[in-house]
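Biologist: Could you take me slowly through one part of this model, a single strand in its sheet, and then show me what lies around it? I am new to reading structures, and I would like each step to be spelled out.

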Amino acid sequence: MLEIREVHKTFHPGTQNEVRALQGVTLTLQRGSFLIIIGTNGSGKSTLLNAVAGTFLVDSGSIRLACNDITKWQEHRRASLIGRVFQNPFSGTAPSMTIAENLALAVLRGKPRGLGIALSATTRAEFCDRVRGLNMGLEDRLDNAIGSLSGGQRQALTLLMASWLRPELLLLDEHTAALDPKSADQVIRLTDELIRRDKLTTLMVTHSMQQAVNLGDRIIMMHRGEVLHDLQGAERARVRQEDLLSRFEQVRRREQLDFAVAEMLQRTYV
Amino acid sequence: MMLLLGALTIGLILAILAFGVYLSFRIFNFPDITADGSITLGAAVTATMLVHGFHPLLATFCGFAAGAIAGALTGILHTRFAINGLLSGILMMTALYSVNLHVMGKSNVPLMSQRTLLSEAESMATNLCGGATELHILVWEVSVRDLAGLAGIFLVVCLVGLALFLFFRTNLGTAMRATGDNPQMIRSLGVSTKAIITFGLALSNGLIALSGSLLAQYQGFADVQMGIGMVVWGLASVIIGEALVGQASFGLLIVGAAMGSVLFRLLVAIALRWGLDPNDLKLITAVFVFVALVAPKFLRMSRRRLVTAVSEVR
């Protein structure tokens, strides 16, 4: 279970570039639930994911995951509970190392690494099996450098690596945004399969309303560092792409209203 | 023949330096200038201990350990205090200059009649040859002592290279390579990049100090100036090695670094024989490394230009 309580984060406080990225986010996620996060650019979706992953420490508030208070944990320590796939396909794998070596790194996520040989015959056989499950023909290329793979193949592998040890929480940060439509479909199908099979608790950020409607059992919409809408249960089941789009439109209008009102006030009083 | 043997031996000793530089510069992409200080530190610690009558093996090991501590301190400066990598190396190198003077008590410690690892190897070889001091190999007369030194050093380099190769295949070593390749990814897999970089720099400088320790025992003295320009020397060896073996796996690159070091030393020996002013040696090394760093980029660029020119003509 993931519990985020009153989390605040401001970047570059007290300077011209001050950004209030998270302004009191509170969110509870039951074990095994699959949450989709949508929102406009700069709404704090990715920041929320990074706050949970530990890329930075939050200014205030608390984050609890699987009965641990991880608020003050360093990123690498949180990795024992969290698997992660990044937006950039280059971020999740080591390009000059082989597929097998990358998998060998993922097999020990969050565990101490000693002087045991990383690639034994038994681990290789297991890698071969699980990689075959991706249906990308990569099982014959275990000794090729990751750098020679396409973005879609890399994301599929990163997904496999992140979920290898059944993390308490899986974080997906727009992991198909940089892919061509066909690869994106393939990766999304794989994502759905893996999450269903292992019943992974998941946070997924996406820009695609189609993904938001088709995947997951709960949708939140963020705006200006806060949770604006939280759709679950029956409400989530009814929601269609158009509904989500109209909510975006509402947000946009409200923004414009802010601007128009400010201008009007300025004209009248200044 | 004497010249050749000497150049080979020094080249092999400096191959261990090249391993250390390969580790920091190629694995971590970290230009670690601590090397200039830690190679001298290894020499100073070993020479001082030998003069005080410690066993050569212990003295050599302590040289290695001292270098490892220096490397770890550079790593801590860089990772815990967020000081730029180059600067943390420079700070450590500068500090080590004074440390080395303190360790030695003076600027030069000669090893006259002390037992060293090399004298041990030589006496062992002399016993093996039944007391003969010269050997005939083909048409040359070779002193058994020089040959024993070379063989001993060759063995050490092979062992160190093999150990490094095996280490890179362990879980820890694989994590170390990934840290240089993609730190974000390896953090998300639960490895503290700070700890790994600190450990890697310790290992790298330990190897470099080991090289210095062997060098002092071979040439018969430790000198506070002996480390100047050594990191560039190591870089030159690594780059030559890459040219020799190409874009290969790390195993071949380790072998390449050793071959590069020997080849470079041989080239220098030949150049000196032909009348190169020894004062120009560092300048030429620096220019060589500059050319080796820039040439591949330049070649790529001119090739691209050629390709576009050809396609335009068509």
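Modeller: What follows starts at one strand of chain A and then moves outward to other parts of the two chains. Please keep in mind that this is a predicted model.

The strand to begin with is β7 of chain A, which covers residues 169–173, and because 5 of its 5 residues are buried, it is largely enclosed by the rest of the structure. Both faces of β7(A) are covered, with A:L169, A:L171 and A:D173 buried on one side, and A:L170 and A:L172 buried on the other.

Which strands are joined to β7(A) by bridges? One is strand β6 (residues 82–85) of chain A, which runs parallel to β7(A) and is joined to it by 4 bridges; here A:G83 stands opposite A:L170 of β7(A). Another is strand β8 (residues 202–205) of chain A, which also runs parallel to β7(A) and is linked to it by 4 bridges. In β8(A), A:T202 is the bridge partner of A:L170, while A:V205 of β8(A) stands opposite A:D173. To get from β7(A) to β8(A), the chain passes through helix α6 (residues 181–198) of chain A, and this β-α-β crossover is right-handed.

If you now step back to the whole sheet, you find 6 strands of chain A in the order β6-β7-β8-β3-β9-β10, forming an open sheet whose pairing is mixed. Its edge strands are β6 and β10 (226–232) of chain A, each of which pairs on one side only. From one strand to the next, the twist averages 20°.

Chain A also holds an open sheet of 4 strands, in the order β2-β1-β4-β5, and in this one the pairing is antiparallel. Its edges are β2 (19–29) and β5 (68–69) of chain A, which each pair on one side only. Within this sheet, 5 bridges join strand β1 (residues 2–11) of chain A to strand β4 (residues 60–65) of chain A, with the two strands running antiparallel, and A:H8 stands opposite A:S60 of β4(A). Helix α1 (residues 45–53) of chain A lies across β1, β2 and β4 of chain A, and its direction makes an angle of about 65° with β2(A).

In the loop between α1 and β4 of chain A you will find A:G54. Why is A:G54 called buried? The reason is that 23 other C-beta atoms lie within 10 Å, and a residue counts as buried when 20 or more do. Leaving aside residues up to four places away in sequence, A:G54 touches A:W73, A:Q74, A:E75 and A:R78. The C-alpha atom of A:G54 is also separated by 8.6 Å from that of A:I70, which is 16 residues away along the chain.

Another part of chain A to look at is helix α3 of chain A, which is mostly covered, with 7 of its 9 residues buried. Those buried residues are A:I99, A:E101, A:N102, A:L103, A:A104, A:L105 and A:A106. Their cover includes α4 (121–132) and α5 (151–163) of chain A, together with α7 (171–181) and α8 (183–188) of chain B.

That brings us to the place where the chains touch: 26 residues of chain A are in contact with 19 residues of chain B. On the chain A side, the elements that give two or more residues are α2 (75–78) and α3 (99–107) of chain A, and α3(A) gives the most, with 4 residues. Sorted by class, this side of chain A has 11 nonpolar, 9 polar and 6 charged residues.

Finally, chain B offers a pair of helices to study. Two packed helices are described by the angle between their axes and the distance between the axes. For helix α10 (residues 230–245) and helix α11 (residues 250–273) of chain B, the axes come within 7 Å and cross at roughly 115°, and the crossing of α10(B) and α11(B) is right-handed. The residues that meet include B:A236, B:I240 and B:L244 from α10(B), and B:L252, B:G256 and B:L263 from α11(B). By class, the residues of this contact between α10(B) and α11(B) divide into 12 nonpolar, 5 polar and 1 charged.

Conventions
Residues are numbered from 1 along each chain as its sequence is written. Chains are lettered from A and ligands numbered from 1 in the order in which they are written. This is a predicted model: local features need pLDDT of at least 70, side-chain atom pairs count only at pLDDT 80 or more; totals for chains, interfaces and linings use all residues. Two residues are in contact if their C-beta atoms, placed from the backbone, lie within 7 Å. Ala, Val, Leu, Ile, Met, Phe, Trp, Tyr, Cys and Pro count as nonpolar, Asp, Glu, Lys and Arg as charged, and the others, Gly among them, as polar. A residue is buried if 20 or more other C-beta atoms lie within 10 Å of its own, exposed if 12 or fewer, and partly exposed in between; C-beta atoms are placed from the backbone. Two strands pair if DSSP finds at least two bridges between them. A crossover is right-handed if, with the strands pointing away from the viewer, the path from the first strand over the helix to the second runs clockwise. Axes are lines fitted to C-alpha atoms, for helices over the stretch in contact, and angles run from 0 to 180 degrees between N-to-C directions. A crossing is left-handed if the near helix is turned anticlockwise from the far one by less than a right angle, and right-handed if clockwise.
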